[in-house]
Amino acid sequence: MPQNKAWTLASHPTGWVKEENFKLVTSAAPQPAGGEVLVKNLWLSLDPYMRGRIGTAKSYAKGVSVGEVMVGQTVGEVVESRHPQLKPGDKVLTQLGWQLFGVTQEAIKIDERGAPLSYYLGILGMPGLTAFFGLQEIGQPKPGETVVVSAASGAVGSVVGQLAKIAGCRAVGIAGGREKCDYVTRELGFDACIDYKAEKDLRGAVERACPKGVDVYFDNVGGEILDTLLARMNLFGRVVVCGLISNYNATEPYRLQNLMAVLVNRLKVQGMIVFDWKDRYGEGLAALAGHLARGRLKYRESVVQGLENAPRGLIDLLQGKNFGKQLVKL
Ligand SMILES: NC(=O)c1ccc[n+]([C@@H]2O[C@H](COP(=O)([O-])OP(=O)(O)OC[C@H]3O[C@@H](n4cnc5c(N)ncnc54)[C@H](OP(=O)(O)O)[C@@H]3O)[C@@H](O)[C@H]2O)c1
């Protein structure tokens with residue numbers, strides 16, 4: 001029987017996550033019961049939402065308790081099956097968390113001929129779908145409009161800006177550092193990118209990059225960047241509140257100054273949680289796969305090697321050290 005290794009939660013972090021908040025435990029791999037498969041995980045996705053799951057504040061999904069295996073989406077290979085539709089060797093998308101092996105009834109078979117397996121955790125998975133439905137359904141971009149997205153070089157942001165270009169919009173990114181901004185404009189084809197870490201006058205930079213104002217702001221970060229963008233929105237603009245990563249490790253929440261702009265400009269500000277579109281994932285995935293196949297979407301990954309380094313990978317992601325979709329190769 002293979003040996004399993006799993007990261008469990010050792011304590012709920014206060015402020016920034018630390019490696020001590022996790023504990024690596026070893027045990028025998030579990031046996032599949034009727035209807036289940038035993039899966040050897042190959043890839044683990046690290047995502048900003050994990051900070052919410054290990055905190056103590058109320059969130060939209062159940063949190064991880066101390067002693068439980070860390071949550072996370074995984075791609076793996078079936079090694080033993082008591083599931084009617086799956087056989088050993090099948091590649092599957094699962095929610096088995098930070099561990100080498102796991103058993104589950106809920107495994108979605110994926111096709112490795114269509115795309116590299118890791119893509120099902122990124123551009124052809126939850127982050128890609130977040131970008132697709134958030135922009136299309138809440139942002140509702142129209143040709144000629146200006147779309148701004150923060151965390152623009154990341155898993156969600158990079159897709160949002162490229163989809164905005166496909167929709168005929170001006171796409172402006174906000175990202176931390178010259179290298180990320182160069183990638184966003186030169187590789188991904190955005191019209192402009194603001195390096196918020198170097199820029200002393202963020203408001204002025206937004207004005208220069210968006211001479212006709214902003215029609216859609218896809219917010220991945222919250223805080224001062226959201227506040228600045230609110231003041232630059234056009235009449236009847238749309239703000240997609242997708243993530244507030246600048247707040248996730250903060251002990252004091254940022255307090256918005258520019259809420260008046262919502263009233264004055266009749267903005268639509270809507271929170272977005274990707275699960276709300278689960279009945280339409282097929283439509284989103286077909287569109288993303290089509291763009292990818294036609295070379296209209298580019299994609300980049302940031303890979304940490306080995307389960308042992310998963311906590312470090314999450315900490316780096318939350319600090320913006322990732323450059324592209326953050327994954328762990330198991
Ligand atoms: N609502 C949903 O259903 C849903 C689904 C998926 C993701 N999300 C949210 O979408 C956002 C992006 O997620 P992702 O998976 O695509 O991650 P990502 O963008 O690949 O990585 C996170 C990025 O956030 C940026 N960041 C970190 N701290 C920041 C700060 N204080 N201020 C500004 N930027 C900061 C960093 O980029 P820079 O170096 O450019 O700062 C970092 O690389 C997150 O907020 C996440 O929670 C929401």
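Colleague: Is Thr74 buried or exposed, and what is its relative accessible area?
Modeller: The model is a predicted one. Thr74 lies in strand S4, which covers residues 74-81. Buried means under 20% relative accessible area. Thr74 meets that cut-off and is therefore buried, its relative accessible area being 0%.

Colleague: Which residue has a side chain in polar contact with the side chain of Thr74?
Modeller: The side chain of Thr74 has a polar atom 3.1 Å from the backbone nitrogen of Leu96. That partner is a backbone atom, whereas the question concerns a contact between two side chains. The side-chain pair, joined at 2.8 Å, is Thr74 and Thr94.

Colleague: Which helix gives the most residues to the shell around the ligand?
Modeller: The helices that each supply at least two residues of this shell are H2 (126-139), H3 (155-166), H7 (245-248) and H10 (310-318). The top contribution is three residues, and it comes from H7.

Colleague: How many residues of the shell around the ligand are charged?
Modeller: There are 27 residues around the ligand, and those that come nearest are Lys180, Tyr196, Tyr248, Met272 and Asn322. By class, 17 residues of the shell are nonpolar and nine are polar. The number of charged residues is one.

Colleague: How much of the ligand's area does the protein bury?
Modeller: Backbone atoms approach the ligand at several points: a polar backbone atom of Gly176 is 2.8 Å from a ligand oxygen, and a backbone N or O atom of Met272 is 2.6 Å from a ligand nitrogen. Val274 also has a polar backbone atom 2.8 Å from an oxygen of the ligand. Taken alone, the ligand exposes 900 Å², and the share of this buried by the protein is 92%.

Colleague: Why can Leu256 belong to a surface patch, and what is its relative accessible area?
Modeller: Leu256 sits in the loop between H7 and helix H8 (260-264). With Tyr254 and Leu259, Leu256 makes a nonpolar surface patch of about 270 Å². Patch residues need over 30% relative accessible area. Leu256 passes that cut-off because it is partly exposed, at 38%.

Colleague: How far apart are the C-alpha atoms of Leu163 and Glu20?
Modeller: Leu163 lies in helix H3 and is buried, with a relative accessible area of 9%. Along the chain, Leu163 and Glu20 are 143 residues apart. Their C-alpha atoms are separated by 39 Å.

Methods:
Residues numbered from 1 in each chain as written. Predicted model: local features only at pLDDT ≥ 70, side-chain atom pairs only at ≥ 80, totals over all residues. Heavy atoms only, no water. Near = heavy atom within 4 Å. Polar contact = N/O pair within 3.5 Å; in protein donor to acceptor, adjacent residues only side chain to side chain. Areas by Shrake-Rupley, 256 points an atom, 1.4 Å probe, with all protein chains shown as cover. Helix = DSSP H or I, 4+ residues; strand = E, 2+ residues; numbered from the N terminus. Nonpolar A, V, L, I, M, F, W, Y, C, P; charged D, E, K, R; others polar. Patch = residues over 30% accessible without salt bridge, like charges linked within 9 Å, V, L, I, M, F, W, Y side chains within 5 Å. Salt bridge = Lys/Arg side-chain N within 4 Å of Asp/Glu carboxyl O. Buried < 20%, exposed > 50% of the residue type's maximum accessible area, 1.4 Å probe, protein only.
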